[in-house]
Amino acid sequence: MALPSLATLPEALDTASPSLRPAPDGFVPAPTRLLQTAQRLGTHPAYLVRDAQGWQPTSWQDYAREVRQAARALLSLGVQPGQAVAILGFNRPEWAVMAFGAMAIGALPAGIYWTSSTKDIEHVLSHSGAPVLLVDDEDRLRKALACRERVPGLRHVLMMKLSGPAPVGTLSWEGFMARGQDSSLDAELDARLDAIRPEDVGSLIYTSGTTGPSKAVVLTHGNLSWTAAALRRTVGATEQDRVLSYLPFAHIAEQLGCLHNQACSGFTVYFARTMEELGDHLKEVHPTIFFGVPRVWEKMQAAIEDKLKQASGVKAAMARWALGVGRQWHAASLEGRAPGLALTLQKRLASRLVHDKVKTALGFDQARLLISGAAPIAPDKLRFFTGLDLVVRELYGQSEACGPSTLSLPGQTRLGSVGKALPGTQIRIADDGEVLIRGPHIFQGYGGQPEATREALDGEWLRSGDLGHLDKDGYLFITGRKKDLIITSGGKNVSPGNIEAALMDTPLVEHAVACGDGRHFLTALLTLDPSALAAFAQTHGLSGNGPLHEHPEVLKALQAAVDQVNEQQARVAHIRRFAVLRQPFTIEGGELTATMKVKRKVVIDRHQAVIEGLYAAAAQERQG
């Protein structure tokens, strides 16, 4: 089903609350902000891309020129206000240029995750009714072309920059941009740009689909403008900051951070070449602000711990001492206590001997703000990084809130909390524990799905779907997902999030999914971290022809880890049995979202036979 045009959008959303909430004074649409920032910064680098010779910059004035040219090219293709422009591909300048070009003429970017299947691509193209699709490479193009006949509304398929000619039936980026050289289209472009109002739709964010088909989150220019400005004021980003873009632009976090917030703040964006090169890029770019999903921080921690295990003698003792000093100093600082002169002197020495070297090796020696978001992260992992003099601060939000609703900042950070409400945002806890959010950033609804919209909104309040509590100082703590609640056969409600996080915090476990809805007790499906498993095998001298994940020593270690986690939980939340899956969860396999969150329903449905086997074995054991 195609989304309605701008003219009919409010009726199609059919919200029970006053939809299209007005933006506050000072509204400036994102493409206008970008042009204003370009005028202010001129030749200052707006973005850089990596090639064989190094990082190549493009100035703000050239960035603005590219956006206007793309906007004119879209006008030449007949794109109308309210129509979607679909973009499928890894983060590249063309992605950003097309998004801003679409917004400048009253159209709206609809990002598609680069990991999407043909079915997922068809869903977005069909639902959005996009007449234009921009694709980054031939592999993803094949998936898109496989469904083209079933999406008759798609008229133009464009390619991002390629080393060779564009495939038959597509228009090259150079050919597309050539259509925007017609300056006679400037009058229409300027008229469209001037006509943008706060209530006009600015972007469609398709949810990552952890619980079913993705829904189109409708965000207005007012939503986007207010949130970008609020982030700029809160974070204080300027043109002196450097940010590495590597998470999918189809996700609200990256789109808000590296498109809208950049247009507002003027910082420089470095486009990662691949996800696999992230570690190398960090050491080259030395970002001042870095946003990572929990899995990125977990991988980083595992790599550091492996290095520490290899140290011996004086080096090992020095590293342990420095980690302890860092944790103690930051524990006091984060609680608002003065660390004391002796501890402060120790930290200075620890930083000189260990911390500074580690931060430089990671690429964080110039970082002033490190953030974790998009999924829960265990407090123990955050404490680990404080030992290295790195404070990773949590952010909480969702697509329906245009990104962030809370943020932990220097002087306002409590490990385990996702921080305080963004200024201008209100948070309260419903009687059933659900987190409710209100503010100018709350979305207008799900495109074409009025019933889902009514379920998500309670008047002007967004029902986040998350469970949590506020402490006396206004810090928000998230305790689980409302829809993920496991209700045992005894009627007990168990939130699996904290259990799974605790399991994944143990040395061998990469991912964990707790099961037990309608059952007498809980079980778990586990996947193992390959590098941790290999290190375990080497340390314990494991041999034999059987798979390592079934080795008795591995299972014994896992049982000990599960027992340790159980000690931290109420009896009803104990994991009584577990199964180790042979294959890891992957984005390509469909078990993880593009931001590496586990799709619990997908995992449970696929491994139902394994789960049934766990309960059958327990029943047989009781009967025996």
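Two helices count as oblique when the angle between their axes is neither under 35 degrees (roughly parallel), nor over 145 (roughly antiparallel), nor 65 to 115 (roughly perpendicular). Keep that in mind for the two helix pairs on this tour. One more thing before you click: this is a predicted model.

**Stop 1: H12 and H15**

Select residues 294-310, which make up helix H12, and then 379-386 for helix H15. The axes of H12 and H15 come within 11 Å and cross at roughly 50°, so the two helices are oblique to each other. Their crossing is left-handed.

Now show side chains. On the H12 side, pick Trp297, Glu298, Met300, Gln301, Ile304 and Glu305; they meet Lys381, Phe384 and Phe385 of H15. Colour this contact by class and you get five nonpolar residues, one polar and three charged.

**Stop 2: just past H15**

Stay with H15 and follow the chain into the loop that leads to strand S13 (392-398). Aspartate 389 sits in that loop. Check its backbone: phi is positive, about 65°, although the residue is not a glycine. Is aspartate 389 buried or exposed? Its relative accessibility is 15%, and because the cut-off for buried is under 20%, aspartate 389 counts as buried.

**Stop 3: cysteine 402 and other cysteines**

Carry on to the loop between S13 and strand S14 (403-407), where you'll find cysteine 402. This is another residue other than glycine with a positive phi, near 55°. Cysteine 402 is buried, at 0% relative accessibility.

While you have a cysteine selected, how many disulfides does a search of the whole structure find? Zero. Select cysteine 264, for instance: the nearest cysteine sulfur belongs to cysteine 402 and is 12 Å away. Cysteine 264 is buried as well, at 6% relative accessibility. Have a look at cysteine 147 too, which is buried with a relative accessibility of 0%.

**Stop 4: H13 and H14**

Next, select 313-334 for helix H13 and 341-362 for helix H14. Their axes come within 9 Å and cross at roughly 135°. H13 and H14 are therefore oblique to each other, and H13 passes H14 in a left-handed crossing.

For the contact itself, show Met318, Trp321, Ala322, Val325, Gly326, Gln328, Trp329 and His330 on H13. Their partners on H14 are Leu343, Thr344, Gln346, Lys347, Leu349, Ala350, Leu353, Val354 and His355. By class, the contact of H13 with H14 has ten nonpolar residues, six polar and one charged.

**Stop 5: helix H5 and what covers it**

Jump back along the chain to helix H5, residues 118-128. Which residues of H5 are buried? Select Ile121, Val124, Leu125, His127 and Ser128. Then bring up what covers them, which includes strands S3 (84-88), S4 (108-112), S5 (132-135), S7 (201-206) and S8 (216-220), along with helix H6 (138-145). Step off the end of H5 and you land on glycine 129, whose phi is positive, near 70°.

**Stop 6: glutamine 444**

Finish in the loop between strand S17 (434-438) and strand S18 (445-446), where glutamine 444 is found. At 1% relative accessibility, glutamine 444 counts as buried. Add glutamate 460 to the selection and put a distance label between the two C-alpha atoms: they are separated by 9.9 Å, with the residues 16 apart along the chain.

Technical notes:
Residues are numbered from 1 along each chain as its sequence is written. This is a predicted model: local features need pLDDT of at least 70, side-chain atom pairs count only at pLDDT 80 or more; totals for chains, interfaces and linings use all residues. Side-chain values use heavy atoms; hydrogens and water are left out. Helices (H or I, at least four residues) and strands (E, at least two) are DSSP runs, numbered from the N terminus. Buried means under 20% relative accessible area, exposed over 50%, partly exposed in between (1.4 Å probe, protein chains only). A disulfide is a pair of cysteine sulfur atoms within 2.5 Å. Axes are lines fitted to C-alpha atoms, for helices over the stretch in contact, and angles run from 0 to 180 degrees between N-to-C directions. A crossing is left-handed if the near helix is turned anticlockwise from the far one by less than a right angle, and right-handed if clockwise. Contact means heavy atoms within 4.5 Å. Ala, Val, Leu, Ile, Met, Phe, Trp, Tyr, Cys and Pro count as nonpolar, Asp, Glu, Lys and Arg as charged, and the others, Gly among them, as polar.
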